[in-house]
Amino acid sequence: MAQKIIFLDVDGTLVNYENHLPDSAVQAIHKAQLKGNLVFTVTGRSKAEMYPEILDIGFDGYIGGNGSYIEAGEKVIKEVTLSSADTRRIVDWLQNRGLEFYLEANSGLYASRAFDERGQATIQEYSDRKGKGREVTVRQVFPEMIFDADLYRDDINKISFILDSYQDFLDAQADFPGYKLGTWGGAEEKALFGDIALGNINKAVAVDELLTYLDIPVADSFAFGDAKVDIPMLEHCGTGIAMGNGGPEIKKMADYITASVDDDGLKKAFEHFALL
């Protein structure tokens, strides 16, 4: 059988929203690799958020920043960042508006001065919406977040910011044309966070670039995800698989719906498609 390549979103796909990594997922990944298949993570996380329990699984590579960074083996295939001027302008806009935020880079996550305090209620609401029902803190969700650092940087992949209202996102869209803006933590007016990155960056573009680099046909690719941001990747790959805990939009367009993260969804889908 021809070698297959498997693309895994991280949050809500590989791990649940409390960062729990099922043993069954790790075992499935290793068995798939032993069979000769390749497994890559494709995530909005920067390298700084790929904590040891994830990296130690031993992936064949990594796509981060929703497509701004591509690594195959030990080789960096692509890395695009906001310029220092881009970052300064966005940081100044957020600070003038009184919004708390964090900068996402491979070198670390750099938080605004009051993100820890202001972010507590928002992070808790995000966890509650995912049905977890237990108390969480900013420091638990972002254990290596850096506070009080210089925020005028030239290595930033993406900037996430807390929405005091949905109007903050709409105004950011208006004030930063040409950039890629999104929301997360809910749909439209229920969104909790906004984010800003360079335009023309998404998971599907990065997956296509990696497939071209590795000379692997699209038909031999499998993509797993749980959220709207994953839809372009699932649409692009040969087979798109939605997690059982995923949203209605991704389930509607997926080729196959597996079980949830906590119900061994990855393992069950790997078995269904004979990837291990």
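Helix H6 (residues 166–175) lies across E9 and E10. Against E10, the helix runs at about 170°. This is a predicted model, and H6 is a good way into one of its sheets.

That sheet is open and has 6 strands. Their order is E8-E7-E6-E9-E11-E10, and the pairing is mixed. Strand E8 (146–147) and strand E10 (179–184) stand at the edges. Each has a single partner strand, so one side of each is left without a neighbour in the sheet.

Now take the pairing of E6 with E9. Strand E6 covers residues 101–105 and strand E9 covers residues 156–162. The two run antiparallel and are joined by 5 bridges. One pair to look for is Leu103 and its bridge partner in E9, Ile159. Helix H4 (residues 115–129) also packs on this sheet. H4 touches E6, strand E7 (108–111), E8, E9, E10 and strand E11 (193–198). Its direction makes about 80° with that of E9.

Turn to the sheet of 8 strands. This sheet is open too, with mixed pairing, and its order is E5-E4-E3-E2-E1-E12-E13-E14. At the edges stand strand E5 (75–79) and strand E14 (256–257). Both have a single partner strand, so one side of each lacks a neighbour in the sheet.

Within this order, look at E2 and E3. Strand E2 (residues 38–42) and strand E3 (residues 61–64) run parallel, and 3 bridges join them. Val42 stands opposite Ile63 in E3. Strands of a sheet pair through backbone hydrogen bonds, in either a parallel or an antiparallel arrangement. E2 with E3 is a parallel case; E6 with E9 is an antiparallel one.

Technical notes: Residues numbered from 1 in each chain as written. Predicted model: local features only at pLDDT ≥ 70, side-chain atom pairs only at ≥ 80, totals over all residues. Heavy atoms only, no water. Pairing = 2+ DSSP bridges. Helix = DSSP H or I, 4+ residues; strand = E, 2+ residues; numbered from the N terminus. Contact = heavy atoms within 4.5 Å. Axes fitted to C-alpha atoms, helices over the stretch in contact; angles between N-to-C directions.
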